[in-house]
Amino acid sequence: MQEIGAKEQGGKTAGVNGNAAGEGSQGQRYNPAEIEPRWQAVWDADASLYAAEGHETGKPKYYCLEMLPYPSGQLHMGHVRNYSIGDALARYMWMRGYNVLHPMGWDAFGLPAENAALKNQTPPKEWTLKNIAAMKTQMRRMGLSYDWANEVTTCLPEYYRWNQWFFLKMFEKGLAFRKKSKVNWCPECATVLANEQVIGGCCWRHEDTIVEQRDLTQWFFRITQYGDELLAGLDKLEGWPEKVRTMQRNWIGRSEGTLVDFAVEAAVGDAAKITVFTTRVDTIFGATSVQLAPEHPVSKAFALEDDALRVQIEGLLAEQQKAKETDALGAIEKHGVNTGRFAVNPFNGERVPIWVANYILADYGTGAIMSVPAHDERDFEFAQKYGLEVRRVIVPASGTNAEGSELPYTAEEEAVLTGSGEWNGLGCVAAQAKMAAFAKEKGFGTATVTYRLKDWGVSRQRYWGTPIPMVYCDNCSPDEPLPVPESELPILLPENVDITQTNGSPLGRVAEFVNVTCPKCGGKARRETDTMDTFVDSSWYFYRYTDAKNSDAPFDSDKANYWFPIDQYIGGVEHAILHLIYSRFWTKVMRDLGLIKNDEPAERLFTQGMVIKDGSKMSKSKGNVVSPDDMIARYGADATRMYALFAAPPDRDLEWLEEGVGGISKFLSRVHRLVMKFGAAGTAVAETQDKAESAAGQALLRKLHQTIAKITQDFDGRWHFNTSISSIMILVNEIAAHEAAMDAGEVSDGAIREVFRGLTLLLAPFAPFLAAELWQVMGGEGVVFRTAWPEANAELARENEIEIPVQVNGKLANVVKVPAESDEAAVKAAALADEKVATRLEGKNIVKVIVVPGKLVNFVVR
């Protein structure tokens, strides 16, 4: 950015009072404080400007979407960067002739509104709607091209009634269910968190608040039913970043293996057997212990019988909880205690000791493992520490020499079984299938698939969320909840509620909400007082955009099927295993309900980098937020958003420097001055010229068409908007370099018109206010960003001369210029004729000459 400023030293800093950067022309200076609000008023008055056309249009469709924000009250530059990327793309696609859907809405339920209400004594709805109005004003002032006719606000009944409708449909299908489970509890939020919302052992919203474990009866969505499809679908999402796909694969965590029952000696009831899950049943003859999680039912049963053992197990559990809180479970120092009890290996009848260990998790797999120290690194470490037997049962296929490989030996391919009874000599993979079948035949095990992915807990003990449409009747359905009839939707969230967390859920203290009539027997019933996780709201909102005013259905299927999948989705990578995996699940559920045809919500996903200030991500919690309002007041919206696109590639982090915005403002001032000076030529219709264009005119047209080609390639490819803007700067430098030639009449009016028209169209996606102003100055027809995108003329873009590096033994000697169409002989001759090259070749024997056409010449000499 300093380089821009250095190039624009003749300008002055732009300001709100009209003392804008740059020199004036014909008494006019670049004044974004005057230009931008004037054009925004024009755009606001045209309801059709950003509206998508009907799905019956013959145009190709393009659904461009940025992730909807939480209405916290103020945008910061992180938001601006995200929205500027989507806005530039939407404008470009309009100019390419597409029917574009570019909507915006508000992820409006959630804890911050409740917390703010407690702090400021303002009802959450009032606080939220006020913030939405403020942020919408900011977005308009930024000139963002949203179709506000399709705006969605998730806290309004016309939206959340469909959350409730989907819940009922999932309940009908067995996808919504209730169970008692150990849940993540954030003391600060005073509510349950999904596994995906626990980061580093802390709440995703309160990064310093340690999450606790509690036993509660909760509502869940059966996302695990779609585990295989969610995993397989990732291979088809070629337009998604590999990083995101890898994160989702790891989170789903599919493992194929075998469940095996170890009978517990002298035990009855729940403690009579221990079921382990193993991916390596082929190693089971090497199992020298069984290990349990501290919270495993068998561990608890043993603890009840032995007080000293209970104390030791509680100590292991405390160590595990501490490691979870600091996200250090993977690196926990492994401790265990021998229970003094034994289990029986069903494959060989061997008695193995039962241990309880702090690194075994109750909610992962079965909460129990068979420990095979010779063939598992973790088990080996534990066995070495406690002196447990290490027994080799897998050896390299090349031989059975026990000394042939170090322990632990974890190979699976090209390895065979030894010391494993009738399965000796089998390859590991083949043995796994045969041994799983044997376990099933004998009734002590079976092949199975497990997932790291857990069912999605959606109950929240808070007020500001979608009410769950279920009731409880002690008379006719004492054990099962009953669905509310669809005709009663929406179940409205009551207002003027005491939202403090004392005495349970806030809704539980509202008698007129809780006390209802049973839909089955007509007697007294109680309404569910939990609300839905707010990730429910954001799992399907983008479908509602296609038909936001529909009061009869979530959306019209024909409209959704026209627009989906989303062509380009833009947002932060932090949503990879929260919003993005939930929305994929929701899409598949809606498909199976017959509402849509697509399997995935988005064809392509782009995750933008963060905006960094003072070494940290820009956020309210860090206190390093920069308001776009301040930047707009000083430099204008065009300069602010253009800096967000220019300062770094969009997928990289951007280090915030306000001087950079000033540099962009000076550049835009320079563009404004040049167009104001030569705009008259732009208004004239170019006459047919018999004579050839001058060298200056050819140079300008060449640079223009090279720039068109570069920016078109950037939009259609990797989105290097920083280099797109840089190429516009280079074009403007070329124009300025030929200013005297234009003054002297050495460049035709036709060439001037084409250059400035092209420059303005290239600016339109990045600086729409200035582009609209300049388009009007030049007499352009219609709306600049609804005008056809310029096409690059390859002939005009072709250089007359090209630069060729010349090397001697691979080291650069000089760079020579040759006509662009030069053949190999001509290039070689030009290289030999160069004085510096000739000096390097003097007295040398040329062994070989390598000519790479258009690229380089290399003389190999001795």
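## Close-up views of a predicted model

**View 1. Helices α3 and α20 cross with a left-handed sense.** The model shown here and in every other view is predicted. Helix α3 covers residues 77-95, and helix α20 covers residues 695-716. They pack at an angle of about 115°, and their axes lie 11 Å apart. That angle makes α3 roughly perpendicular to α20. On the α3 side, the contact is made by A88, L89 and Y92. On the α20 side, T712, F715 and D716 meet them. By type, the residues of this contact are four nonpolar, one polar and one charged.

**View 2. A764 sits in the loop between α23 and α24.** The loop follows α23 (749-763) and leads to α24 (768-777). Is A764 buried or exposed? A764 is buried, with a relative accessible area of 0%. Leaving aside residues up to four places away in sequence, A764 touches R91, M95, A771, V784 and F785. Y92, seen in View 1 on the α3 side of the contact with α20, appears here again. The C-alpha atoms of Y92 and A764 are separated by 8.1 Å. Along the chain, these two residues are 672 residues apart.

**View 3. Four strands form an open sheet in the order β2-β1-β26-β27.** The pairing in this sheet is parallel. Strands β2 (99-101) and β27 (605-607) are the edge strands, and each pairs on one side only. From one strand to the next, the twist averages 20°. Strands β1 and β2 run parallel and are joined by three bridges. Within this pair, Y63 stands opposite L101 in β2. Strand β26 spans residues 568-571 and pairs with β27 in the parallel sense, over three bridges. Here T607 in β27 is the bridge partner of G571.

**View 4. Strand β1 is mostly covered.** The strand runs over residues 61-66, and six of its six residues are buried. In a regular strand, side chains alternate between the two faces of the sheet. Which residues of β1 point one way, and which the other? K61, Y63 and L65 point one way. Y62, C64 and E66 point the other way. All of these residues are buried. Y63, on the side of K61 and L65, is also the residue that stands opposite L101 in β2.

**View 5. Helices α18 and α21 pack with their axes 7 Å apart.** Helix α18 covers residues 637-646, and helix α21 covers residues 721-737. The angle between the two is about 115°. From α18, the contact uses M642, L645 and F646. From α21, it uses F721, N722, I725, S726 and M729. The residues of this contact divide into six nonpolar and two polar, with no charged residue.

**View 6. N722 belongs to helix α21.** N722 is one of the α21 residues that meet α18. Is N722 buried or exposed? N722 counts as buried, with a relative accessible area of 15%, because buried means under 20%. Which residues does N722 touch, not counting those up to four places away in sequence? They are L645, F646, A648, P649 and P650. L645 and F646 belong to α18.

**View 7. Strands β12 and β15 pair in the antiparallel sense.** Strand β12 spans residues 289-292, and strand β15 spans residues 368-371. Four bridges connect the two strands. In this pair, L292 stands opposite A368 in β15. A368 and M370 point one way from β15. I369 and S371 point the other way. All four of these β15 residues are buried.

**View 8. A second open sheet of four strands has the order β22-β21-β24-β23.** The pairing here is antiparallel, whereas the sheet of View 3 has parallel pairing. Strands β22 (477-483) and β23 (515-517) stand at the edges. Each has a single partner strand, so one side of each is left without a neighbour in the sheet. Neighbouring strands are turned by 40° against each other on average, direction ignored. Strands β21 (residues 470-473) and β24 (residues 524-527) run antiparallel and are joined by two bridges. In β24, R527 is the bridge partner of V471.

How values were computed
Residues numbered from 1 in each chain as written. Predicted model: local features only at pLDDT ≥ 70, side-chain atom pairs only at ≥ 80, totals over all residues. Heavy atoms only, no water. Axes fitted to C-alpha atoms, helices over the stretch in contact; angles between N-to-C directions. Parallel < 35°, antiparallel > 145°, perpendicular 65-115°, else oblique. Left-handed = near helix turned anticlockwise from the far one by under 90°. Contact = heavy atoms within 4.5 Å. Nonpolar A, V, L, I, M, F, W, Y, C, P; charged D, E, K, R; others polar. Pairing = 2+ DSSP bridges. Buried < 20%, exposed > 50% of the residue type's maximum accessible area, 1.4 Å probe, protein only.
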